[in-house]
Amino acid sequence: MGSTCKINAAMSIWRRLSLFVWASSLCLCPCRAEDSAMENIVTEKKAEESHRQDSADLLVFILLLTLTILTIWLFKHRRFRFLHETGLAMIYGLLVGVVLRYAIHIPSDMNNVTLSCNVNASPATLLLNVSGKFYEYTLKGEISGGQVNDIQDNEMLRKVTFDPEVFFNILLPPIIFHAGYSLKRRHFFRNLGSILAYAFVGTVVSCLIIGLFMYGCVMLMKQIGHLRDDFFFTDCLFFGAIVSATDPVTVLAIFNELQVDDDLYALLFGESVLNDAVAVVLSSSIVAYQPQGDNTFEAMAMLKSFGIFLGVFSGSFALGMATGVVTALVTKFTKLRDLPLLETALFFLMSWSTFLLAEACGFTGVVAVLFCGMTQAHYTFNNLSPESQDRTKQLFELLNFLAENFIFSYMGLTLFTFHNHVFNPIFIVGAFLSVFLGRAANIYPLSFLLNLGRRNKISPNFQHMMMFAGLRGAMTFALSIRDTATYARQMMFSTTLLVVFFTVWICGGGTTQMLSCQKIRVGVDTDHENSIGPDGVERRSTKQECAWLFRIWYNFDHNYLKPILTHSGPPLTATLPACCGPLARCLTSPQAYENEEQLKDSDSDLILNDGDITLTYGDITVRTDAMGAHTSGTPVGGVAVNSDEALDRELAFGDHELVIRGTRLVLPMDDSEPPLSLDSHRHRHKNEAMS
């Protein structure tokens, strides 16, 4: 009975306490609900203001590009060549940066800011507990104490500063892919050995020369007290790697417009395309060499970084080629040709995903997307419908144009909007000197060595033009802005901007004058160059010079890879052994059988000697096997003619045509001999046969 009373008393107390809490909550709930509603309104208002600010920032860049395009039209209409559109975009970016920096001030809400907090390291993500509510803050970057007021005074300057990953993941892929996709393979492979030498050996030599020279400048700065923080030898090598990436987009555009010699164009374009990829991998290898930043030389660390270089480059190369091959197989064995829109969309997504896949796997997206573009142009392009072929060319050409001009506009903008610039006169002067020394060490010694084995020599005026055309551009800027956390990287970024400005404005703007000074011909087509023979008859001549390595590759590609990956090339049933008949029939498309007589190979004009080559001229037919031996030579009428003599005679005079499985190839001629007519050839052959 007593226990029951105690329980009832406890229940009574609990009811009273519950009633009190409920009554209190009735009084407090309206206040809490009102505060929550006010907080939601404030949050929505801030989000709307931020949205408007972001739209205004993007509008600034759109207007910059629009103004650049209109000015480009005016320049082309008036035939002004003293300034290219890239340099013009940089000037417009500079002007807008000045306006944003000094004329427009948009105050930001910096109330309730605590400028002192005892934390040992800067966390990437910060969680704050404010009155029971948790808020997340993300690290934007380090700023100096004197720049706090700048951030408070101008919100727009912070908004127009993009995340560096935007350049690598969005703007760079279409630029690099377009370089590989629009590559003139004929001229590229004709000068393949020289291009590889300039891109690989030359870039490494340039990196070492610049790194050593800049390390001397850093030691001088340290001696006279102009160095505020650490600057290691690996930082100097890193600077040498990023400024060794050439981007002569201005020069090449003028070359294309003036129709400068194709070999000079191929050397410059091929080197700039490949050395961008080499510079990216080289810079990452240098960072991996000494992660601690000390200056002690370690042989094992150097070997490790060299292994990283080879592994990353080869892995990126294989990944880019594999993606291109997969896309070629998909477009070949499906009927996407019936839906060009889906076909173009798949092509675009597969190409772009190559860059992201390589970066996600720890490789270099620049290398992967470059070789993916070359593979897509060589194989997948042949499988696309005519609508998709035109659409993909125009799409990537447009994206390349917009991305390049956007980057150059942003370069001018960052000169005034970037908060952590470090300009050191000694470092800047040393950088300019080292860049030109590194370029000279790349071009002249390698050209001398290459000329020892080239039939078509790289002339001194070509070498001077290549030296002058070593501009720095989008890749150098993207590599330098990717990491500006330390004092050394901030100094390198500021100096890189000045180097890019100078080379684009001065070297790019003086291209036409340099061509005139070096007496380099313009308005010529080296593939079908018109020449006048001794008898006054106009003749066609071609300058064929092909890398032996590519001739070996061409045979394998023409006989096996193209029939597997495309609808062109000979049927696999004719090239594979008889035991592989079922597999050959499965992999060969019906179009290959239908078009066997009209098959054309766009790369066949690269090869002078190929297996199964048929020479047809007048009444003479001469065939050569894979080893170059002549197998037959029979004129009309059944009278035999010595095949060696016939082939030599046919290659010595007149215009000649090779037929390689339906593809015609014009062979080079000896300009010293006059062309002979078809009737005179026939008459001479008959006389020789009778004798």
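How exposed is Tyr137, and what is its relative accessible area? Tyr137 comes out as partly exposed, because its relative accessible area is 45%, and the cut-offs put buried under 20% and exposed over 50%. Keep in mind that this is a predicted model.

## Where Tyr137 sits

Tyr137 is found in strand β2, which covers residues 133–138. How many of the 6 residues of β2 are buried? The count is 0, so the strand lies largely in the open. A partly exposed Tyr137 goes along with that picture of β2.

## The hairpin

The partner of β2 is β1, and the two strands run antiparallel, joined by 6 bridges. β1 spans residues 125–130. For a landmark across the pair, look at Val130, which stands opposite Lys133 in β2.

The hairpin has 2 residues between its strands. Ser131 is the one to check if you're going through backbone torsions here: in this hairpin it takes a positive phi, near 55 degrees.

## A nonpolar patch on the surface

Tyr137 also belongs to a nonpolar surface patch of about 420 Å², together with Leu126, Leu128, Val130 and Tyr135. Both strands of the hairpin take part, with β1 and β2 each supplying at least two residues. Which strand gives the most to the patch? That's β1, with 3 residues. Val130 thus turns up twice in this story: as a member of the patch, and as the residue opposite Lys133.

## Into the core

Now for the inside. The largest nonpolar core counts 125 residues, and the ones with the most contacts inside it are Phe231, Phe239, Phe255, Phe427 and Phe477. Helix α10, residues 262–289, gives the most to this core, with 14 residues.

What does Phe231 touch, once residues up to four places away in sequence are set aside? Its contacts are Val218, Cys236, Phe427, Ala488, Met491 and Met492. One of these, Phe427, is also among the core residues with the most contacts.

## The whole chain

Stepping back, the protein chain has 691 residues, of which 46% are buried. Its secondary structure comes to 25 helices and 9 strands.

If you take the contacts between residues at least 6 apart in sequence, 76% of them join residues at least 24 apart. As for the surface, the chain exposes about 35,200 Å², and carbon and sulfur atoms supply 63% of that area.

Notes: Residues are numbered from 1 along each chain as its sequence is written. This is a predicted model: local features need pLDDT of at least 70, side-chain atom pairs count only at pLDDT 80 or more; totals for chains, interfaces and linings use all residues. Side-chain values use heavy atoms; hydrogens and water are left out. Patches are made of residues with over 30% relative accessible area and no salt bridge: like charges are joined within 9 Å, nonpolar side chains (Val, Leu, Ile, Met, Phe, Trp, Tyr) within 5 Å. Accessible areas come from the Shrake-Rupley method with a 1.4 Å probe; for residues, only the protein chains shown count as cover. A salt bridge is a side-chain nitrogen of Lys or Arg within 4 Å of a carboxyl oxygen of Asp or Glu. Helices (H or I, at least four residues) and strands (E, at least two) are DSSP runs, numbered from the N terminus. Buried means under 20% relative accessible area, exposed over 50%, partly exposed in between (1.4 Å probe, protein chains only). A nonpolar core is a set of buried Ala, Val, Leu, Ile, Met, Phe, Trp, Tyr and Cys residues joined through side-chain atoms within 4.5 Å. Contact means heavy atoms within 4.5 Å. Two strands pair if DSSP finds at least two bridges between them.
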